[in-house]
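Biologist: I am new to this structure and would like a careful look at a single part of the surface. Please take me through it slowly, and then say what empty space is enclosed elsewhere.

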Amino acid sequence: MKNFAVHRIYAMLGKEFIQMRRDRTTLAMLIGIPLMQLFLFGYAINMVPRHLPSALIVTDSGPFSDSIVSALANSSYFDIGHTTYSRPAARRLLAQNRVAFVIEIPANFSHDVVRGAGPSILVEADATDPAASSYAVAALNGLATSALRDDLKGPLAARAPQAPAFNVIVHSLYNPEANTQYNVVPGLLGIILTMTMVMATSISLTRERERGTFENLLAMPTRPFEIMVGKITPNIFVGAFQAALILGVAKWIFHVPMLGSFGLLAIAATIFITALLGVGYTISTVATNQMQAMQMTFFFLMPSILLSGFAFPFRGMPFWAQWIGEALPITHFLRIVRGILLKGNGWIEIWPDIWPMVLFLFVAGTVAVTRFRQTLD
Amino acid sequence: MSGQPVAKPGRKPGGGMAIDVKGLTKRFGKKVAVNAVDIAVPEGQVWGFLGPNGSGKTTTIRMLCGLLHADAGEGTCLGYDLRKEADAIKRETGYMTQKFSFWEDLTIRENLEFVARVYGLSGVRRLVDETLEKLGLTARQNQLAGELSGGWKQRMALAACTLHGPKLLLLDEPTAGVDPKARRDFWDEIHKLADGGITVLVSTHYMDEAERCDKIVFISSGVIVARGTVAEIVKASGLITYTVEGEGARQLADRLRGQRGIEFVSFFGALLHVSGYDRALLESALAPYRSDGKLIITETVSSLEDVFIQLQQQAGA
Ligand SMILES: Nc1ncnc2c1ncn2[C@@H]1O[C@H](COP(=O)(O)OP(=O)(O)O)[C@@H](O)[C@H]1O
Ligand SMILES: [Mg+2]
């Protein structure tokens, strides 16, 4: 028995495209959500945080520590009072979230610089929010070096050009793998698509069922595969539009580099979107009402956000969580997008993440078609 | 317009059965919605499917067109096996659901075009143009189906489910909530289709509609309790009915109700119908009122409605 006929797919597509066009609310949601999220997230990432409260521990009494402290104070990154703290007191401030940094200039710092012993400035950063701390940390190194350039003159000039006269040692507490802004925008592409695509299809059949039109559809010779194609295809276009929108904003507003091939990215995105639509459609074959469909959507969305490497560094997760993450299409899509955009990866590099998505798509599609009940039981 | 259940000659091509099912049963959890139903409808006939709400009409019709799996029973529709050839049955059957089930956010034309394409009909545009013309909806073809009134929705639905030229039409309470004129037109249309050789099974609550059917099946609590032509059903019931008319008939109803030998008392317009199975008991119950000059009491032929009220009452008891 033939499983589909072109004329019926054509009929389904015609119907679905018209209905999508008429459903202004959903359409507005599909375009509004990405814009809103991009705006909110983008605003946060675009902002380089300044005036981060910091606590000083200065046990050195030499001239160089004064230079460094005033350089730090002059930069807009750190807000440093004139007090210096004991180590336990400073730690407490950090734990209480009163300061973002503890900067310690150890005893004999000036002395050791002069001796050429290469002393260290110890910086403890609250890296729970790595985006907030990373700029300041990056700035610190340069600041300290240039602060001492003026001091290291005359007989001490020999210390300046060679190896730095001292080191800045940064301990990133709480979160050893610091994500940066380039991580976020490609990640957002995955999250937004997951959210909107699954949501849009999860109610597709549910709505027909609630309106009673499903009975009519089933009474006609339409087959499960044809109905699925009809329900999914229009959303592929919506997804493509969303992806283009997000990438455009990423490139021209957030200046995320795009080193790799755009065509390759488009192929990967299409596979990813279709896999998501398969998930949404499967939900709609099971859900008995729209509320249930929404709940199931969030049930899928949660691990996609938390276990994909978007919210937390993937390698930092426990083994079981990584295992779940590997099963989600978004995990692979994020790697592909970051790889293509930031590393300029090509087909060979992304293939290990392409096939899991294809596999997922195939499984989701099969489940959807077999889950589809052709009766009202 | 004939109100008589006379099958028109020449309506039975080949004498085959359009619907022939036995022992059809459907359970929802513990509840048996349809219990061992046998229906055999010859090709080209119009059969009425009657029964109170919740008696299993919709469930039976859904099993006939493959929308519900029968828990037990077997048979054929249009010669196709009910269990194995649901797709073939769907292709040649038109099913009009009880609740309007076309797409309210599509226009009338879009709905018809969708149906035409799904069935793979050729010349979709022309076919839809013709259908719209016949329906008298050409001017409103671009209106959303959801904006139509009840009567127009029914007409559009009938047109849509006959577009592919089905051999069997299953209509589930097609005229519920439709005004009398539209109802009459609708039935004229059904008879026209039947004259063209289509077999129709139509569920309804209206007696006048039931009387326009070749045969009637009456279902109650999932069980078929009566079947046949109107005359056969009335005869088989053995019900004897008296009418009472005149001043004071209304008060009489309360006094007669519940008396020995009286099964039920009900009004048909101003006429009071008093029905039972035992003529002697009925006579004696009515005897005291015979002398009342303002009341006229006469024995009459029981109507289909009398029989149905009785059947329904028996099932409910
Ligand atoms: N999907 C269903 N799930 C559970 N019970 C149902 C379902 N459909 C119908 N029923 C029950 O089966 C019985 C028959 O219903 P139905 O066939 O709709 O009656 P009718 O069409 O004669 O009014 C009713 O009691 C109804 O509540
Ligand atoms: Mg019903």
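Modeller: A helix here is a DSSP run of H or I with at least four residues, and helices are numbered from the N terminus. The model is a predicted one, and the part I would look at is a nonpolar patch on its surface, where A:Ile267, A:Trp347, A:Ile348, A:Trp351, A:Trp355, A:Leu359, A:Phe362, A:Val363 and A:Val367 together have about 970 Å² of accessible area. Helix α15 of chain A, which covers residues 347–371, gives the most to this patch, with eight residues. A:Ile267, by contrast, sits in helix α11 of chain A, covering residues 262–286, and this residue counts as partly exposed because its relative accessibility is 44%.

Turning to enclosed space, a search of the whole structure finds two cavities of 30 Å³ or more. The largest holds about 70 Å³ of space, and its lining draws on both chains, including A:Asn216 and A:Met220 as well as B:Tyr95, B:Phe102 and B:His164. Strand β6 of chain B supplies the largest share of that lining, three residues, and by class the lining has eight nonpolar, four polar and no charged residues.

The second largest cavity holds about 40 Å³, and among the residues that line it are B:Tyr95, B:Lys99, B:Phe102 and B:Gln154. Here β6 and α5 of chain B each supply at least two lining residues, and the lining has five nonpolar, three polar and one charged residues.

Definitions and conventions: Residues numbered from 1 in each chain as written. Chains lettered and ligands numbered in written order. Predicted model: local features only at pLDDT ≥ 70, side-chain atom pairs only at ≥ 80, totals over all residues. Heavy atoms only, no water. Patch = residues over 30% accessible without salt bridge, like charges linked within 9 Å, V, L, I, M, F, W, Y side chains within 5 Å. Areas by Shrake-Rupley, 256 points an atom, 1.4 Å probe, with all protein chains shown as cover. Salt bridge = Lys/Arg side-chain N within 4 Å of Asp/Glu carboxyl O. Buried < 20%, exposed > 50% of the residue type's maximum accessible area, 1.4 Å probe, protein only. 1 Å grid on protein atoms, 1.4 Å probe; cavity = no way out; pocket = protein on both sides within 12 Å on 5 of 7 lines; lining within 4 Å. Points joined across faces, edges and corners; volume = space filled by probe spheres on them. Nonpolar A, V, L, I, M, F, W, Y, C, P; charged D, E, K, R; others polar.
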